[in-house]
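Please open the model in your viewer and keep the selection tool at hand. The tour below proceeds from one selection to the next and states what is found at each stop.

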Amino acid sequence: MGETRLPRHMFLFSMAIIYMFAFASLYVQIPGLYGNEGVLPVRMVEPRVDSSRPVLEQIHLHPSLLWLVPRLGLDLDAQQAMELLCLAGALLALGAALLEPLRDSLVFFCLWALYLSLCQVGQDFLRFQWDSLLLEAGFLTVLVAPLNLLRWRSAFRQHDAVTFWLVRWLLFRLTFGSGVAKLASHCPSWWGLTAVNHMFEAQGIPLPWSWFIQQLPDWYLKLGTVGLLVTEIAVPPLYFAPIRCLRLAAFYIQAAYQVKLMFLGNYGFLSLALTFSLLDDDHISYWLGHGKKKRAKTWPQTIMSLMVLLVELAVFAVIIYGTKVLFTLEIDWEAKTMTSKTAFTQQQFGNWLKLVTGPTIWVGVLSLTWEVVAAMLGCVCVRGCPWKLWGLVQWAVIASAAVAVFAISVVPYSSMEQVYSSKILPEVRQAYSLVERYRLVSAYSLDSRMNGVDGRSEVILEGSMDKNTWTEIEFMYKPGNVGVAPPVVAPHQPRLDWQMSQAAQGLAKQSPWFTGLVHCILQGNKDVVRLIQTDSAQYPFSQAPPVYLRASLYQYWFTQTAQDGSGPKEWWRRDYSDEFCPAVQLGDPTLEGMLSQHGLKEKFPIQPIPDSLLAQALRQVRGHVQTLPGHLVLWSLLATVATIWLLKTLLSGVLGGQKAKPTPAEPKAKKAKDQPAERSASASSLKAERENSEESRQDADKSPKKRK
């Protein structure tokens with residue numbers, strides 16, 4: 001693979017932006033989720049500091065920087081400590097996004113440590129696969145980024161290809177693992193190729209245009225299911241293809257798929273950043289118009305290019321033909337219908353999975369070995385023995401780290417096939433268990449089972465003052481009112497709305513946080529209410545909290561297109577399904593029992609509110625953003641970054657234009673005569689003669705550097 005300097009810069013910039021959004025999105029939700037009176041107060045899970053134990057031992061047992069706050073003498077409570085970590089992470093990520101020198105390995109290590117610290121105490125709200133993916137990608141960013149802040153800049157970074165390969169391996173495990181998990185789950189929707197028919201309706205938080213996509217013909221949506229499975233199962237092996245054009249084709253396919261997820265599903269931007277590992281400098285230079293000039297090819301080069309083209313066409317022909325055969329696609333263009341079904345059984349798929357799990361790992365081993373050996377040869381070819389020695393030292397450290405990360409990543413990857421998983425060396429399993437708490441590697445199975453085949457399940461909260469008249473409590477983001485269009489949320493991540501949608505798949509007893517939510521609403525906690533509605537006019541109990549609260553389970557479906565083809569008057573239709581939580585009130589034995597069962601009763605007395613300067617500053621910042629919706633805060637931050645980048649581009653263009661602006665020949669000649677007197681007369685006359693001869697020979701060339 002060619003040089004990857006530009007793709008690495010793109011990846012590092014993208015990771016800085018993603019970190020910034022992640023910290024900022026979590027910051028606006030901390031008081032309601034983890035505050036002293038929040039849904040899951042962080043002070044209840046914060047372990048007591050044991051001064052008898054060393055700091056490193058405590059961090060190893062509980063890897064979170066929150067435990068260092070008392071030792072550093074910071075007078076902050078648990079909520080303010082989380083806010084401090086979020087603000088520090090958001091500001092550091094903002095600096096890395098705007099300033100290239102800050103895209104350093106130490107900076108990204110701080111960002112990873114800060115986010116890991118928050119996830120360690122985040123409980124159910126920070127246990128999504130997206131958080132695991134960000135932590136693993138963030139750790140790889142530490143290895144990919146240069147170490148410049150310590151002035152260890154080296155012109156010979158031959159190991160960059162090795163660390164960037166780990167990003168490609170993560171992309172493979174994410175896409176291929178998710179695709180295999182869909183079929184391995186034996187979900188009828190994936191096997192019947194009807195998953196996409198329900199995907200846009202059942203996704204976490206639908207978008208307004210999801211309604212319009214749902215109205216597309218069934219044959220088109222079935223074709224979309226086939227394309228999705230092919231993209232996630234057949235395309236990922238091309239990431240390690242020795243032919244460059246196949247890797248680039250895999251990039252465009254995956255990038256298009258991830259962009260589709262961004263615009264259709266409120267997510268996908270982190271996966272898109274991983275696809276940059278498939279690019280090289282030459283291709284990005286071609287995008288920018290700085291590509292190398294094509295030279296006339298000799299006949300051996302022409303024959304080789306034709307052979308490569310034939311191989312590429314053969315690979316894609318096999319994929320297309322295999323897709324048609326395996327899914328028995330038959331399209332009737334006149335009737336505009338398509339019939340399809342999987343031509344293999346679940347038993348056959350299980351046998352195939354046993355066959356491919358081992359080879360895919362060995363392909364990874366061979367590909368990594370190639371990159372490691374190529375990096376070593378690059379270090380040996382450097383001129384000068386000191387530089388060779390320094391390059392080999394760097395190579396040894398980075399190669400060892402890459403091999404270790406790859407080895408432990410095999411453990412969660414092989415979990416999709418139990419037979420091969422049992423063959424992993426015990427030493428590798430032991431190493432994985434030692435670092436598991438740091439979430440360096442994870443297993444991914446996005447959308448493995450398609451929920452919502454019989455309708456989208458939603459939990460609807462209702463409050464009452466007299467237990468006779470019930471008023472529905474609407475959330476800002478998740479479906480509720482059938483006449484309200486789905487919102488555009490990204491890049492904000494409304495954790496409570498996500499959990500509400502997932503809780504509808506089970507029982508209230510299986511979601512401990514739901515009991516805390518009910519208790520906070522009955523108490524009228526303002527921070528929790530702001531998670532539901534920041535606009536008090538939209539919250540029916542803004543004047544006084546409800547006396548009674550209950551939760552019901554409804555099934556939601558998108559409405560159908562009107563006969564006149566007009567837009568929807570009502571976006572959803574719904575039917576009552578079941579009771580999710582009975583009517584309760586404060587002091588109710590049922591509610592108190594659930595609070596005790598889930599460990600949400602008070603364990604420690606609430607400490608007095610800190611009044612230090614840092615605590616006051618944190619309260620001032622909180623006061624400016626607490627009344628704003630989370631998505632508006634994120635959009636404002638995005639607009640700020642875009643504006644600063646635009647100004648930097650314009651200023652660099654203006655300053656660059658001034659420096660490159662040609663000057664007339666006569667003033668330049670005059671300037672040459674006005675040189676300091678220290679120069680000898682012979683040197684001045686010689687320089688003037690050179691300038692005159694240059695003007696006479698090439699009058700059009702006005703560049704000062706060339707005349708000198």
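## First stop: Ile59

Select Ile59, which is partly exposed, with a relative accessible area of 22%. That value lies in between the limits of under 20% for buried and over 50% for exposed, which is why the residue is placed in the middle class. Ile59 belongs to helix 3, which covers residues 55–61. Now add Ser117 to the selection: 58 residues separate Ile59 and Ser117 in sequence, and their C-alpha atoms are 9.8 Å apart in space. Please bear in mind throughout that this is a predicted model.

## The whole chain

Zoom out and display the full chain as a cartoon. It contains 29 helices and six strands. Of its 708 residues, 48% count as buried. Among contacts with a separation of 6 or more, 75% are between residues 24 or more positions apart. If a surface is displayed, the accessible area of the chain comes to about 35700 Å², and 62% of this belongs to carbon and sulfur atoms.

## The four-stranded sheet

Next, select residues 456–464, 471–473, 548–558 and 572–584, which are strand 3, strand 4, strand 5 and strand 6. These four strands form an open sheet in the order 4-3-5-6, with antiparallel pairing. Strands 4 and 6 stand at the edges; each has a single partner strand, so one side of each lacks a neighbour in the sheet. From one strand to the next, the twist averages 35°.

Focus on strands 3 and 4. They run antiparallel and are joined by three bridges. Which residue of strand 4 is the bridge partner of Glu462? The partner is Glu472.

## Helices packed on the sheet

Keep the sheet visible and add residues 195–202, which form helix 10. Helix 10 packs on the sheet and touches strands 3, 5 and 6, and its direction makes about 140° with that of strand 5. Then add helix 21, residues 495–503. This helix also packs on the sheet, where it touches strand 3 and strand 6; the angle between its direction and that of strand 3 is about 110°.

Return to helix 10 and show its side chains. The helix is mostly covered, as seven of its eight residues are buried. The buried residues are Ala195, Val196, Asn197, His198, Met199, Phe200 and Glu201.

## Salt bridges

Side chains of opposite charge can pair when their charged atoms come close. The structure holds 14 salt bridges, and several are worth selecting in turn.

- **Asp131 and Arg495.** Their side chains meet in a salt bridge, at 2.8 Å from N to O. Asp131 lies in helix 7 (residues 129–144) and Arg495 in helix 21, so the pair ties together parts that are 364 residues apart in sequence. Are these two residues buried or exposed? Asp131 is buried, with a relative accessible area of 0%, and Arg495 is buried as well, at 1%.
- **Glu472 and Arg574.** Glu472, the bridge partner of Glu462 in strand 4, forms a salt bridge with Arg574, and the closest N and O atoms are 3.0 Å apart. The pair links strand 4, which holds Glu472, to strand 6, which holds Arg574, across 102 residues. Glu472 is partly exposed, with a relative accessible area of 21%; Arg574 is partly exposed, at 27%.
- **Arg619 and Asp611.** The side chains of this pair meet in a salt bridge at 3.4 Å, N to O. Arg619 counts as partly exposed at 33% relative accessibility, whereas Asp611 is exposed at 54%.
- **Arg456, Glu458 and Lys478.** These residues are joined into one network by salt bridges that share partners.

## Last stop: a nonpolar surface patch

Finally, display the surface and select Trp209, Phe212, Val259, Phe263, Val488, Leu628, Leu632 and Trp635. Together these residues form a nonpolar patch on the surface, with about 690 Å² of accessible area. Two elements give two or more residues to the patch: helix 13 (244–265) and helix 26 (630–660). Within the patch, pick out Phe212. This residue is found in helix 11, residues 210–214, and counts as partly exposed at 44% relative accessibility.

Notes: Residues numbered from 1 in each chain as written. Predicted model: local features only at pLDDT ≥ 70, side-chain atom pairs only at ≥ 80, totals over all residues. Heavy atoms only, no water. Patch = residues over 30% accessible without salt bridge, like charges linked within 9 Å, V, L, I, M, F, W, Y side chains within 5 Å. Areas by Shrake-Rupley, 256 points an atom, 1.4 Å probe, with all protein chains shown as cover. Salt bridge = Lys/Arg side-chain N within 4 Å of Asp/Glu carboxyl O. Buried < 20%, exposed > 50% of the residue type's maximum accessible area, 1.4 Å probe, protein only. Pairing = 2+ DSSP bridges. Axes fitted to C-alpha atoms, helices over the stretch in contact; angles between N-to-C directions. Contact = heavy atoms within 4.5 Å.
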